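Me: I am new to this structure and would like a close look at one part of it. Please take your time and connect that part to what surrounds it.

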Amino acid sequence: MILVTGGAGYVGSHFVMALLEKGEDVIVFDSLELGHMETIETLKQYGNLKFIKGNLKHLDDIRGVFMSNKDITAVAHFAAYSQVAESVKNPQKYYYNNVYGTLNLLNAMLEFNVKKIVFSSTAATYGEPVYTPIDEKHPQNPINPYGMSKLMIEKIMDDYDKAYGLKSVRLRYFNVAGADSSSRIGEWHEPETHLIPNVLKATSEKTFKMFGTDYDTQDGTCVRDYINIEDLAQAHLNALEYLNNGGKTNYFNLGTKDGNSVKEVFSACENIKGCSIPLEICPRRDGDPATLVADNSKAKDVLNWIPKNDLTYSIKTAYEWEKVLSSN
Ligand code: UFG
C-alpha cells in the first residue's frame with residue numbers, strides 16, 4: 001500500500017492514476033484545501049483507492065493514517081503550498097505548512113517504521129541559475145520562501161537518512177504541463193497562475209497577460225523547460241521502484257533539456273486552439289529568472305526514465321482538459 005499526500009492535487013492525482021493503473025493499492029491523504037473531491041471520485045473508478053481527509057499540520061491526523069493502515073510500505077509526498085509570489089508575501093504559511101507538515105509526516109513514518117519516501121521538490125531550490133542547463137550539482141540558493149521550504153525539507157531528509165535510515169528520492173520538477181491523456185483529470189488551480197492554462201483560458205474579457213518581453217533570451221520572453229505530467233508521474237513510479245530495489249537517498253531533475261519561450265508557448269496554444277488569443281504585454285513579474293532548463297541526464301541514467309511527450313502534446317491535453325473543466 002502506497003500513501004500519497006496531496007493526491008487530490010494536480011501532480012499528486014496523476015501519480016495516483018499511474019499507481020492505480022499498475023494495480024497498486026493507494027491511500028490518499030489530503031486536506032482538500034487546494035485539492036478536489038471530484039478528482040478523488042474520478043480516481044476511485046480506476047482501482048483500490050482509500051481517501052482520508054486530514055492535515056499534515058496535525059500530527060494526530062497523519063499518525064492515525066499509519067496506525068490504522070499497517071500495510072503502508074512507502075510514501076509519496078506532494079502536499080504543499082506552491083505559489084512563489086504568495087510565499088514571498090506570507091512566508092509563515094509556507095514554512096509552517098510545508099516544513100512543519102513534512103516533519104510531522106516524517107516523524108509518523110519513523111514511528112511506524114516506514115522508511116521510503118518520494119518527495120516533490122522543485123527547480124526553485126536552485127534559485128537564480130549560474131549556468132544552464134541546470135544539473136543536480138548546481139548550487140542551491142533559493143530566492144523565495146517556497147524554494148527555501150523545499151530545500152529545508154531536502155536537508156532534513158538527508159539528516160533523517162544518516163540518523164534513522166530513512167531513504168528519500170527528491171524529484172526537482174521544472175515546469176509541469178499537460179493533463180491526463182484521456183482528460184479524466186488535469187490541472188485545476190483556483191486561482192490559476194501558470195502559463196499554459198492561463199493562455200488557454202484567455203477570452204476577450206480576460207486577456208492573457210504576458211509578463212515581460214525584454215529578457216535576455218532569443219525573443220525577449222522567459223524560457224522554461226515544460227515537462228509533461230504523465231512523464232512526470234512515470235518518473236515517480238521509477239523512483240519508487242528504485243527505492244524498493246534498495247536505492248540510496250538521491251535527487252533528480254525532472255525536465256526535458258529543451259527550453260521554450262513564453263512567446264513560443266503562446267503561439268503553440270493559438271495553433272492548437274485554431275484561433276488568435278487576446279494578448280496583453282505587461283511588465284516583468286517579480287522573481288522570474290530569464291531561463292530555467294534542466295539537465296535531465298541523471299534521472300535518465302539512474303532511474304531509467306525517458307520523457308516521451310513534447311510540449312505540443314502537453315498543450316493538446318491541457319486544452320482537452322480545459323474543455324472538461326469549463327463544461328462543469
Ligand atoms: N507567465 C505569463 N503570464 C501568465 C503566467 C505566466 O507571462 O499568466 C510567464 C511567467 O512570467 C514565466 C512563465 O510564463 O515567465 C512561466 O510561468 P509559470 O507561472 O507557469 O511557471 P514558473 O516558471 O513561474 O514556476 C514554476 C512552478 C513553480 C516553481 C518554478 C521553479 O510553477 O512552482 O517553476 O522555478 F517554483
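Where is P133 found, that is, in the loop between which two elements?

Reply: The model is a predicted one, and P133 is found in the loop that lies between strand β5 and helix α6, the helix covering residues 145–164. What marks this place is the peptide bond from T132 to P133, which is cis, with an omega near -5°.

To see where that loop begins, it helps to turn to β5, which spans residues 116–122 and pairs with β4 in the parallel sense over 3 bridges. One contact in this pairing can be named: the bridge partner of A76 in β5 is V118. Strand β4, residues 74–77, sends A74 and A76 one way and V75 and H77 the other way, yet all of these residues are buried. Strand β4 also pairs with β1, residues 2–5, again in the parallel sense, and here 4 bridges are found. In that second pairing, I2 has A74 as its bridge partner in β4.

The chain has another cis peptide bond, this one joining E190 and P191, with omega at about 0°. P191 lies in the loop between β7, residues 175–177, and α7. The loop between β7 and α7 also holds S183, whose phi is positive, about 60°, although S183 is not a glycine. With a relative accessibility of 19%, S183 counts as buried, because the cut-off for that word is under 20%. A positive phi, near 65°, is found in L32 too, again a residue other than glycine. L32 sits in the loop between β2 (26–30) and α2 (37–44), and its relative accessible area of 21% makes it partly exposed.

Helix α7, at the end of the loop that holds P191, leads on to the ligand. An oxygen atom of the ligand is 2.7 Å from an N or O atom in the side chain of H194, and an oxygen atom of the ligand is 2.8 Å from a polar backbone atom of L195. A ligand oxygen is likewise 2.8 Å from an N or O atom in the side chain of R224. Taken alone, the ligand exposes 690 Å², of which the protein buries 90%. Two elements give two or more residues to the shell around the ligand, namely α7, residues 195–201, and β8. The largest share, 4 residues, comes from β8. Of the 21 residues around the ligand, those that come nearest are H194, L195, K209, R285 and D288. Sorted by class, the shell has 11 nonpolar, 6 polar and 4 charged residues.

Strand β8, residues 208–211, has side chains that alternate along its length: F208 and M210 point to one face and are buried, whereas K209 and F211 point to the other face and are not. Strands β8 and β13, the latter covering residues 279–282, run parallel and are joined by 4 bridges; within this pairing, L279 in β13 is the bridge partner of F208.

R224, whose side chain was named at the ligand, has N260 as its bridge partner in β12. Strand β9, residues 223–224, runs antiparallel to β12 and is joined to it by 2 bridges. These strands belong to an open sheet of 3 strands, in the order β12-β9-β14, with mixed pairing. Because β12 (260–261) and β14 (291–292) stand at the edges, each with a single partner strand, one side of each is left without a neighbour in the sheet.

The cysteines complete the picture, since the structure holds 0 disulfides. The sulfur of C222 is 13 Å from the closest cysteine sulfur, which belongs to C282, and this is too far for a bond, because a disulfide needs the two sulfur atoms within 2.5 Å. C222 is buried, with a relative accessible area of 6%, and C282, at 12% relative accessibility, counts as buried as well.

Conventions:
Residues numbered from 1 in each chain as written. Predicted model: local features only at pLDDT ≥ 70, side-chain atom pairs only at ≥ 80, totals over all residues. Heavy atoms only, no water. Buried < 20%, exposed > 50% of the residue type's maximum accessible area, 1.4 Å probe, protein only. Pairing = 2+ DSSP bridges. Near = heavy atom within 4 Å. Polar contact = N/O pair within 3.5 Å; in protein donor to acceptor, adjacent residues only side chain to side chain. Areas by Shrake-Rupley, 256 points an atom, 1.4 Å probe, with all protein chains shown as cover. Nonpolar A, V, L, I, M, F, W, Y, C, P; charged D, E, K, R; others polar.
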